[in-house]
Amino acid sequence: QRQMCIRDRINTSLSDVDLCSVHFSDNYNGWAVGASGTILHTDTGGEDWESQESGITDDLTSVFFIDNSLGWATCNNNIIVKTIDGGSTWDIQEFEEDYALNTIFFVDAENGWIAGTLGGDGIILHTNDSGISWNIQWNGLSSSYDVLHDITFVDSYYGWASGGEAFYSASLGVILYTNDGGQTWIENTGGEIWGMVMSVFFTDVQSGWAIVEERGYSCIIHTSDGGQNWNTIENIEGAIGSIFFTDEINGRIIGGGVYIDGIYSKIFVTSDGGTTWSPQYCPADFDMKSIYFSDPDNGWSVGNNGTILYLDNSGPVEIDEFEVQCSDVKVEVYPNPCLSATNIQFTIHPSTSSGQANSRFTIIDLFDISGRKIRQLVNEVKMPGKYEIEVDVNDLPAGIYYFRIKAGDMVGGGKMVKME
């Protein structure tokens, strides 16, 4: 059973910045980008994050690093920023054309691709000189496809891009395929796709998944022949932000909150190639937009309001005290495991922020392992101090439960185990 916990939350001065893309070059060095030119960097696997100066104020849409030094980020207009020193400095490259650049992908230090739109038509750009120059490889002038949202490659030859018609109530989606590094792109080898194809992901030249959205609903489609044929493997109520597989059977989807088989969560996991999906506990209140794994055991996800999650894929989190997002809320749970009752002890420290009121509206919610809220334990204003509540669990079945404490803009949480 995989578990998830918040490893870190960016500092409160950036907590209102929406993040939309994350990428790690190894298990320690990672970057997250988002609104207003925001670039965040960690060299501690997400324990600490610091801001980097991008030099722009436009929204950044995607980030990609080849190693700890060389990386690029795209903007929602005609700008790319590039670094050769891990983000200490970023150089701005501005196109004359009116591009909207949605995503970027490199297979090595020289060869990369960007997908987006130009003048109402989908576009793919390619570089073979590390981004010094870019050339159009494909555009939607001869089709009705207005925008491309995602692009991915498994090597320097085989790649896929996805998007569709942007302005129609019953729109057609597109998945483009190349086997020659983008010299030629073939549209929808697997037939018509109804809905916008928001995300595409391949683990090798045969196995791939894509997310299709249409009027408030999503579906996951899968191919086992490189995209020649696509089959729907799951229909979902709600919007999915991103999909990522670490191999042919183990994957995750994240989003703004979706229903699968009547169960609600922001994160679902599969261990059978997507045939079945299980909800995962997610302590975040905000929509999640991007997910990335540096290896099968270490992943990260980012989303709105500065949310950054660390995804631990190695097994259950064997801790009684859940790592809190900021030092103003401290939490302990005892006994844990418990039989009939447990105690949640929490301390709210005075705010050190100028102008911040010390009294905080405090909510404590209890969730089951699927992320479903089963009861509210506290809902009242509390002053700084140490508090303890007893939680009666006699009526709960044995299993793992989570609780979340929100005291103003401070958030903490924990895990408790009910025994037979």
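**Exercise 1.** Are phenylalanine 202 and tryptophan 230 buried or exposed? Classify their ring pair as well.

*Solution.* The model is a predicted one. Step one: phenylalanine 202 and tryptophan 230 are both buried. Step two: their ring centres lie 6.0 Å apart with the planes at 90°. Planes over 60 degrees apart count as edge-to-face, so this pair is edge-to-face. Step three: phenylalanine 202 belongs to strand 18, while tryptophan 230 sits in the loop between strand 20 (217-223) and strand 21 (231-237), so the pair ties together parts 28 residues apart in sequence.

**Exercise 2.** Work out what kind of aromatic pair phenylalanine 201 and phenylalanine 244 form, and where its members lie.

*Solution.* The model contains 21 aromatic pairs. In this one, the centre-to-centre distance is 4.6 Å and the angle between the planes is 50°, making the pair tilted. Phenylalanine 201 is in strand 18 (residues 196-202) and phenylalanine 244 in strand 22 (residues 240-245), 43 residues apart. Both phenylalanine 201 and phenylalanine 244 are buried.

**Exercise 3.** Describe the salt bridge of arginine 375 and the exposure of its two members.

*Solution.* The whole structure holds 3 salt bridges. In one of them, the side chains of arginine 375 and aspartate 395 meet at 2.9 Å, N to O. Arginine 375 lies in strand 32 (residues 373-382), and aspartate 395 in the loop between strand 33 (385-392) and strand 34, 20 residues apart. Exposed means over 50% relative accessible area, so aspartate 395, at 56%, counts as exposed. Arginine 375 has a relative accessible area of 22% and is partly exposed.

Note on methods. Residues are numbered from 1 along each chain as its sequence is written. This is a predicted model: local features need pLDDT of at least 70, side-chain atom pairs count only at pLDDT 80 or more; totals for chains, interfaces and linings use all residues. Side-chain values use heavy atoms; hydrogens and water are left out. Rings of Phe, Tyr and Trp (its six-membered ring) pair if their centres lie within 6.5 Å; planes under 30 degrees apart count as stacked, over 60 as edge-to-face and the rest as tilted. Helices (H or I, at least four residues) and strands (E, at least two) are DSSP runs, numbered from the N terminus. Buried means under 20% relative accessible area, exposed over 50%, partly exposed in between (1.4 Å probe, protein chains only). A salt bridge is a side-chain nitrogen of Lys or Arg within 4 Å of a carboxyl oxygen of Asp or Glu.
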